[in-house]
Amino acid sequence: MGPYLGTPNTEKESENGGNESLRFGATSMQGWRKSQEDSHIAALDIADGVSIFGVFDGHGGKEVSLYVEKHFVNELTQLESFKSGNYEAALREAKPNPKHGQRKPDLHDGFGQRPSAGRQGAPHAPRQCRGHC
């Protein structure tokens, strides 16, 4: 059967949260795969008025999506462009940091690049939200 189950695992894991400006909900389901390969980020207030959300598709393995979930926000917020409020530039500059000792070029090439149309992967540029977003 390869990487697939005989029947889908339809158990869902959900998370929700919010702050004064935003409310979010996220739900994941393993489906037909033998293990959950996807991850997400829902990080509120990573800077004044800035939150970031991202969904990371494992595409046949969970290593990269879990790496991004664990390290992306920290790496992003350490960039000078982020600290100066240039969030779009910061997203373009974001790369895995070799100091973690986990850099494997075959797993992390393209980290921080904008996905092509219709693909999941990199979060969209954060924006300041006033009222409804």
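**A walk through the chain, from surface to ring pair**

The chain exposes about 8,900 Å², and carbon and sulfur atoms supply 47% of that area. Please keep in mind as we go that this is a predicted model. Turning from the surface to the interior, buried residues account for 31% of the 133 residues in the chain.

Let us look at the overall layout next. The secondary structure amounts to 4 helices and 4 strands. Read from the N terminus, the elements follow the order β-β-β-β-α-α-α-α. Contacts tell us how parts of the sequence come together: of those between residues at least 6 apart in sequence, 48% join residues at least 24 apart.

A good place to begin in detail is strand β1, which spans residues 4-18 and includes Gly-18. Is Gly-18 buried, exposed or partly exposed? Its relative accessible area is 37%, and because buried means under 20% and exposed over 50%, Gly-18 counts as partly exposed. Leaving aside residues up to four places away in sequence, Gly-18 touches Arg-23, Phe-24 and Leu-44. There is also a distance to check in your viewer: Gly-18 and Ala-43 are 25 residues apart along the chain, and their C-alpha atoms are separated by 9.5 Å.

From here we can move on to strands β3 and β4. Strand β3 covers residues 39-47 and strand β4 covers residues 50-56; the two run antiparallel and are joined by 6 bridges. To find your way along this pairing, look for His-40, which stands opposite Val-55 in β4. The hairpin of β3 and β4 has 2 residues between the strands, and Gly-49 in this hairpin takes a positive phi near 75 degrees.

Our last stop is the aromatic side chains. How many aromatic pairs does the count give, taking rings whose centres lie within 6.5 Å? The count comes to 2 aromatic pairs. In the pair of Phe-82 and Tyr-87, the ring centres are 4.9 Å apart and the planes meet at 55 degrees. Planes under 30 degrees apart would count as stacked and those over 60 as edge-to-face, so this pair of Phe-82 and Tyr-87 is tilted.

Where do these two residues stand with respect to solvent cover? Phe-82 is buried, with a relative accessible area of 5%. Tyr-87 is buried as well, at 15%. Both values fall in the buried class because that class takes in relative accessible areas under 20%. With Phe-82 and Tyr-87 in view, you can follow both the distance between their ring centres and the tilt of their planes directly in the structure.

Conventions
Residues numbered from 1 in each chain as written. Predicted model: local features only at pLDDT ≥ 70, side-chain atom pairs only at ≥ 80, totals over all residues. Heavy atoms only, no water. Pairing = 2+ DSSP bridges. Phe/Tyr/Trp six-rings, centres within 6.5 Å; stacked < 30°, edge-to-face > 60°. Buried < 20%, exposed > 50% of the residue type's maximum accessible area, 1.4 Å probe, protein only. Contact = heavy atoms within 4.5 Å. Areas by Shrake-Rupley, 256 points an atom, 1.4 Å probe, with all protein chains shown as cover.
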